[in-house]
Amino acid sequence: MQLNPDELIRISNLKVTFPLDEGTVRALDGVNLSIKRGKVLGVVGESGCGKSITARSILRIIPDPGKIDEGEIWLRTTVGSSDGSERMVDLARIDPNSEMMRQIRWGEVAMVFQEPMTSFSAYHTLGDQISEALLTHRHVSKREARQRTIEMLERVGIPNASTRVNQYPHEFSGGMRQRAMIAMALICNPSLLIADEPTTSLDVTIQAQMLELMQNLRQDFGSSIMFITHNLGVIAQIADEVSIMYLGKVVEHGRVGDIFNDPKHPYTIDLLNAIPKIAGQRKDRLVAIEGNIPSPFERVPGCPFHPRCSRMIEGLCETQAPPEIEFGNGHFAVCHLYPKII
Amino acid sequence: MRSEQPILVEVESLRKFFPVRRGTFGFTKKYVRAVDDVSFVIYRGETLGLVGESGSGKTTTGRLLLRGYEPTAGKVVYHLPDQEALDIMTLTKKQLWEFRKHAQMIFQDPYSSLNPRMTVRDIIAEPLIATKSARGEDVSRHVIETAKRCQLSVEHLRRYPHAFSGGQRQRIGIARALVLRPDFIVCDEPVSALDVSIQAQILNLLRDLQAEFGLTYLFIAHDLSVVEHICNRVGVMYLGNLVEMAATQELFYHPLHPYTEALMSSIPEANPKVKMRPIKLKGEIPSPIDPPSGCAFHPRCQYAQALCAEVKPEWRELSPNHFVSCHFAESLQLSGFAG
């Protein structure tokens, strides 16, 4: 498989299952997505749609007993090449405990987790935890690692970084801890930063600061960002491209403007109608999506969204898997509603 | 126009300090000033929003309004229909039970606010039995009627909470609050734990119930788009103080307090064409144990002057029904939501 020159990573037909006593959960059911160099891909979906599992599959840290059944995760990387030249590696196929994967993890792909409160060890200073990544992945002395840690903490806007580097996580507020988390993720200058709901537990003013910070860091470091969230407002502000996920599948993908102004998949349309918009026309009622997200143990046949879809075509949507329809500019939706050729 | 509306709840100089022990061996006793002198009214039939950062005292205020906490100082007076004014802080235990028929609460986390060992029927029936509002057959009748109204089916009533999704659990929580047919419900972040598609269902349900039963809501939330959608008026809290309160549109587009302005500039609008330009607040939210002198917001305020550090600004009505506590509210030219 060949990545396009502007692509950093491409996931194709990724299937991840969790065999449990109660039955098998098909967490990812053929996910396709790709992230371009230096761009922000927003991944949107509701709980259980598989957005976090997709991220964890890239790092090969899927929680037990989940496993990759099928599919490919091609990443462009310099790890393992002696002359620093790039090559493509299928992350789905290498051993999660191998030296190669350890090098890629945090050296090339780093992650900001959802819970800034619980993602740090309480027993080590923040400085030690951040410089550990540098000592593991880059050939630097302890003194240099500490120096670069302080610089990075300053870079993400932590005041008095040279004293705070010796403090423990409990001495930081939620917003400051999230900044430290971003500093830790960026310390090795990764080519891909995965941010899993990085602002969900933060207050709006701090959330706005975090989004601005990530925008600036992207410009300075040139990293690509995979930004996972259920907040469409945040996506509109930060993403270049958007993938909408529902029940383990990407149902629509496109540039941020196309997704918000010309959504094609009924799920995307409904989601956009379901959120209150301040600048929009005053409406008394929101257009709610009826029903609930189905149980993860039963994957519905046909289109996964058909039981809740207002435009379901009987005899088609509940039996046949919908085709992927392209609308130009890389905008596509997986839906029966549109004629095959446009 | 609103001032002619009848008042349901009148809050006067409400304070709640929680004691904490600090210093060597915890010898020094200090107080978290969770709610520090708050006064406002809630009109009958309206939805009053309360927004602010975590730790600003929104939830404490909500609970104080139901006497879920004993206040340090202040009054909460209810003007219930066909009843005399009722200062709930003076009620005896027995009178408080009677009062609870009129005011109820919906909680944020639908996972921890329902007893996992009770069936849905028993959960919804409990307020009826606890307040001795119904007996025997009547209990079942009320429970079924309320459950249906909250779009729960009769089969659901036999099950336990674990069998339900977040949205359905929140319906159970709403049914429990509604079963006594109260006049007033405190909704503490009722949709923040829910998915986007479910959030809309619950917001619509709350709105329908309000119209049908003439409910009054205090709606505590941090998602400003949700608040804008559902509230008639909004109050902004910062570090235990109310800093501004006005009709929703007025507050969003013509804020008078610098903190409100910062909040409005930080709303991520779901429109890629409207780019937000957040106002950066200096530093971090201070500890409510040692709040700053004068105006609590002054260390982070870009317009602060010498006076702000010395004198606490008065809570005043600058224009009809637009309250603010800022020394310079008249002279500042603040911008509202940009969308």
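**Entry 1: Terms and a first packing**

I note first that two residues are in contact if their C-beta atoms, placed from the backbone, lie within 7 Å. I also note that the model I am reading is predicted. With that meaning of contact, I looked up helix 5 of chain B, residues 166-178, and found that this helix lies across strand 6 and strand 7 of chain B. Its direction runs at about 175° to strand 6 of chain B.

**Entry 2: The sheet of chain B**

I then turned to the sheet that holds these strands. Chain B has an open sheet of 8 strands, in the order 6-7-8-3-9-10-12-11, with mixed pairing. Strand 6 (103-106) and strand 11 (316-319) of chain B are at the edges; each has a single partner strand, so one side of each lacks a neighbour in the sheet. From one strand to the next, the twist averages 20°.

I recalled that strands of a sheet pair through backbone hydrogen bonds, either parallel or antiparallel. For strand 6 and strand 7 (residues 184-188) of chain B, I recorded a parallel run and 4 bridges. In one of these strands, strand 7, I found Val186(B) as the bridge partner of Met105(B). Helix 9 of chain B also packs on the sheet, where it touches strand 9 (233-238) and strand 10 (241-247) of chain B. The direction of helix 9 makes about 105° with that of strand 9 of chain B.

**Entry 3: Asp109(B)**

I located Asp109(B) in the loop between strand 6 and helix 3 (120-130) of chain B. Is Asp109(B) buried, exposed or partly exposed? I classed Asp109(B) as partly exposed because it has 15 C-beta neighbours inside 10 Å, whereas a buried residue needs 20 or more and an exposed one has 12 or fewer.

**Entry 4: Where the chains meet**

I next examined the two chains together. In this model, 36 residues of chain A are in contact with 38 residues of chain B. On the side of chain A that touches chain B, helix 7 of chain A supplies the largest share, 6 residues. The residues of that side of chain A divide into 18 nonpolar, 12 polar and 6 charged.

**Entry 5: Helix 7 of chain A**

I followed helix 7 of chain A further. This helix has 18 residues and reaches 25 Å from its first C-alpha to its last, close to the expected 26 Å. Its buried residues include Val204(A), Met210(A) and Leu217(A). Among what covers the buried residues are helix 6 (174-186) of chain A and helix 9 (258-265) of chain B. Just after helix 7 of chain A, I noted that Gly222(A) takes a positive phi of about 70°.

Methods. Residues numbered from 1 in each chain as written. Chains lettered and ligands numbered in written order. Predicted model: local features only at pLDDT ≥ 70, side-chain atom pairs only at ≥ 80, totals over all residues. Helix = DSSP H or I, 4+ residues; strand = E, 2+ residues; numbered from the N terminus. Nonpolar A, V, L, I, M, F, W, Y, C, P; charged D, E, K, R; others polar. Expected span 1.5 Å × (residues − 1). Pairing = 2+ DSSP bridges. Axes fitted to C-alpha atoms, helices over the stretch in contact; angles between N-to-C directions.
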